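Me: Please take a close look at one part of this model, the nonpolar core and the helix packing around it. I would like a single connected account rather than a list.

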Amino acid sequence: EAWRATLLWPPATLVFVSVMIWFFADDVPQGTFRDMKAKEKAKKEAAGYIDDGKDTGGEEPATVAARSIVLASRNWRTWMLFIAYAFCFGVEVSVYGNLALYFSTAYNLEQADAGLAASLFGLFNLFARTAGGILSDLLNRKYGVRGRIWANFLAATPMGVMLIIFASLTKDANGLGATLGCLCVWAFFLAATEGTVFGLVPFIEPTAVGGVAGIVGAGGNAGALMCNFTMRIGQRPAFAAIGWISLFSGLMMPLLWIPGVGSMFRDDSMNAPAPVIIEKNEKAGQPAKARDLDMTPVAPAPATQQPMQQSSQPPQQQSYGYPYPGQGYPQQGGYPPQMGMPGMYGGQPMMGSPPMMGMPGMYPGGGPMY
């Protein structure tokens, strides 16, 4: 009757988590939809906006989600991760329903012992999936997003190899100990691969992360169905076939190309879009705004266009183009009068600064410029 008790805590946990999400979680990173609509309404009222009944107040969440899924489904990279997740998480789901039966038939174990041996496979989910995510983060810190592709490759390739080896082991030739050891190594890399797959999800289509995550997650369900269907040919040959396909899901990672990032063997960071800098608005009640950082180098302005530096001297000792009353004209460091304009104190225009084109001189005898 113990199995009946095991079916009680998953739904109880789900109900508890759902209640916590409903009351304490945000709908989007910007907050709840209720708060966002209230802020938008306050802005419109402050601007004197009159509601004519035609403004819907923005798109509904269902519309945003539908667009995200459509945009993600049009990106072929999403389907690469769909395949990758199908043959790690999908295999895991299928194994849970077949591994105990495999040990009881192929190794003549009692039902309780076969279930205990099969439970070792799920035990690695406690830490191995997190280890895959940590590996992805570490390689990302050192090599950028390309490091995350390498992390998936380094986890998925041995996962497939170990599954092929596991399918080739027998009780008479290798014994139960070797099989369990191979099972543990396979389980570790399989769970780590799941972590590395979702380490790549946010970078496939940054404007539709939710859609990419949904499609990739559905790959796990699709993989489980396909693996269970494959078990009809026999458990040992099915494990071998799934192992080869899992190996292929890792070997296809060098083909993954992300614009602005590159691939495992080629860098494309020079074509990356300009980063977005979030500027904090000091005024209360106003949201932060984002702007694109212009990375184009700016050439220094010519010397004649350099801004005049402020002097620390008092006004009586500063030298400017226009003197203070009683000081006369500046001696050094001053700027001359404007082109063709007389001095401010009866002086003549500066030499080399003729009148305007075609205009007579500002003083008697001055003719137009030729």
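Reply: Two residues are taken to be in contact when heavy atoms of theirs lie within 4.5 Å. With that cut-off in mind, and bearing in mind that this is a predicted model, one can begin at Trp186, which, once its neighbours within four places in sequence are left aside, is in contact with Val91, Val95, Phe121, Met159, Met162, Leu163, Phe166 and Phe239.

Trp186 belongs to the largest nonpolar core, a set of 56 residues, and is listed among those with the most contacts inside it, together with Val91, Leu99, Phe103, Phe166, Phe239 and Met253. The elements that contribute two or more residues to this core are helix H5 (76-86), helix H6 (89-106), helix H7 (111-123), helix H9 (145-168), helix H10 (175-204), helix H11 (209-230) and helix H12 (235-251). Of these, H10 gives the most, with 10 residues.

The wider setting is a protein of 12 helices and two strands, in which the order from the N terminus is α-α-α-α-α-α-α-α-α-α-α-α-β-β. Of its 370 residues, 30% count as buried, and among contacts between residues at least 6 apart in sequence, 60% join residues at least 24 apart.

The packing of H6 against H11 deserves separate attention. The general description of such a pair rests on two quantities, since two packed helices are described by the angle between their axes and the distance between the axes. Here the axes of H6 and H11 come within 7 Å and cross at roughly 45 degrees, and H6 and H11 are therefore oblique to each other. The crossing of these two helices, H6 and H11, is right-handed. On the H6 side the residues that take part are Phe89, Gly90, Val91, Val93, Ser94 and Asn98, and they meet Gly220, Gly223, Ala224, Cys227 and Asn228 in H11. Sorted by character, the residues of this contact comprise five nonpolar, six polar and no charged. Val91 thus appears in two places in this account, being listed both in the contact of H6 with H11 and among the residues with the most contacts inside the core.

Beyond H6, the loop between H6 and H7 holds Asn108, a residue with a positive phi of about 55 degrees although it is not a glycine. Asn108 is exposed, with a relative accessible area of 57%, where a value over 50% is what qualifies a residue as exposed.

How values were computed
Residues are numbered from 1 along each chain as its sequence is written. This is a predicted model: local features need pLDDT of at least 70, side-chain atom pairs count only at pLDDT 80 or more; totals for chains, interfaces and linings use all residues. Side-chain values use heavy atoms; hydrogens and water are left out. A nonpolar core is a set of buried Ala, Val, Leu, Ile, Met, Phe, Trp, Tyr and Cys residues joined through side-chain atoms within 4.5 Å. Buried means under 20% relative accessible area, exposed over 50%, partly exposed in between (1.4 Å probe, protein chains only). Helices (H or I, at least four residues) and strands (E, at least two) are DSSP runs, numbered from the N terminus. Axes are lines fitted to C-alpha atoms, for helices over the stretch in contact, and angles run from 0 to 180 degrees between N-to-C directions. Angles under 35 degrees count as roughly parallel, over 145 as roughly antiparallel, 65 to 115 as roughly perpendicular and the rest as oblique. A crossing is left-handed if the near helix is turned anticlockwise from the far one by less than a right angle, and right-handed if clockwise. Ala, Val, Leu, Ile, Met, Phe, Trp, Tyr, Cys and Pro count as nonpolar, Asp, Glu, Lys and Arg as charged, and the others, Gly among them, as polar.
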